[in-house]
Amino acid sequence: MTRHYGYAVLAAIAALVVAISAAIYIGVGTDDGTPRQETFARAPHNSAAPASTGVWVGAWAASPSGSEPGTERDGLAGRSVRNVVHTAAAGTSARVTLSNLYGQQPLTITHASLAVAAAVNTPAAAADTMRRLTFGGNPTVVVPAGRQVVSDAVRVPIPHDSDVLITTYSPTPSGPATYHAHARQISYTAEGDLTEDITGEPYTEQSPYWRYVTALDVLSNESDGTVVVLGDSLTDGVTSTVGENRRWTDVLAGRLRAATGSSAVPRYSVVNEGISGNQVLADGYGRPAENPSGLSRFQRDVLGRTGVKAVVIDLGINDILKNPGQADPEAVTAGLRRLVDRAHARGLRVVGATLMPFQGHRGYSDQRESVRQAINATIRSGSVFDTYVDFDKALRDPYAPRRLRPDYDSGDHLHPSDEGYERMADVFDLAKLKGAAPAEL
């Protein structure tokens, strides 16, 4: 080997090492004192990289709530998983976040894709919108247990208020599958690697869950930032009509979009980080905890979202209902203040919500009602949030204020009907989202 040839080989190897190092970035974050690692693909490395200008915002998100029952050993090996998600913002490019938070072994994704759906509630893709996803320039990515990965950006027009298909294929066992249990949206699976199928015909198995995918971001010219809504089943949209996107956050997103051009209303998208049964203070069981508390997941689900500018918090009712004794209202409001402090440290404005009535629900008692009233009184005093929306006043029965108004009641006396969810969004003063808290150094 000549000296000149040797130098050329060494230079090529060095360039390869630099390229690989730049493609993948491994960062360590902390959330309420608990270390966690995440794997992120950095700059896009494919021909579909965004060419237009704009702001990266959240178009959709869902908090991973636990491990899917029945997938403990094999995960979803050998199946294409086609998640259907609904967008709150339009964009010219997109990227997705995949999570293996609850996996006990590495999740190998050999093929992933993104496409705009041909119509609502279908696994079929619109013409010319199917894009292969890459991660650091590679179509295959291995997501370690307990971590997540962000794809490279792909150039594709994403309309607002539309369904997007995010499909993954894993050939090897990698259980259990990380999922969001109450999607209120039908997604699909198919046997084999049919990730880039556009017809939707092989996707014969339906699923009420979102699996692996936890966020869709878009490069947007119509939004300047993201509102993250942290909540429980009332935000998750339990009892809303499946497939119709009638959660109150969906209606709120539509109102914000319709108000574009008003100087009093910010141009924000909305992402929903509700988990059914979620509490301010207490985690669920397991390691990592399934259904982690608002305090435990605030870093991941709020501060970790793309372009976050404002936070809405609607939590506390499960701290009352799931407490075997009498919940301490001061402990709950102190927990809410801790969330606000963490948002303020990032300069984020925080809008809170009063807790809605639940008389008639199986968990109701006069004692629990007194706790709800005490929490609401503290919220209304202005000592918890920057400002608040009074969902209690808006949805309670004026003739029986400990109950939901009948037409706003889904029938279980806790969760709203579609009309009730719409009412929640309609009474939200959009101007309350404007502005920021001074960042604390």
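1. A residue is called buried here when its relative accessible area is under 20%, exposed when over 50%, and partly exposed in between, with a 1.4 Å probe and protein chains only. By that rule, 55% of the 441 residues of the protein are buried.

2. Before you read on, a word on the model: it is predicted, so local features need pLDDT of at least 70 and side-chain atom pairs count only at pLDDT 80 or more, while totals for chains, interfaces and linings use all residues. Residues are numbered from 1 along each chain as its sequence is written, and side-chain values use heavy atoms, leaving out hydrogens and water.

3. Now the overall picture. The protein has 9 helices and 25 strands; these are DSSP runs numbered from the N terminus, with helices (H or I) of at least four residues and strands (E) of at least two. Taking contacts (heavy atoms within 4.5 Å) between residues at least 6 apart in sequence, 80% join residues at least 24 apart.

4. Strand 8 is a good place to look closely. It spans residues 111-116, and 6 of its 6 residues are buried. In a regular strand the side chains alternate between the two faces of the sheet. Here H111, S113 and A115 point one way, whereas A112, L114 and V116 point the other way.

5. Which strands pair with strand 8 in the antiparallel sense? Strand 13 (residues 163-170) does so over 6 bridges, and A115 stands opposite L165 there. Strand 9 (residues 131-132) does so over 2 bridges, with S113 opposite R132. Pairing requires that DSSP finds at least two bridges between the two strands.
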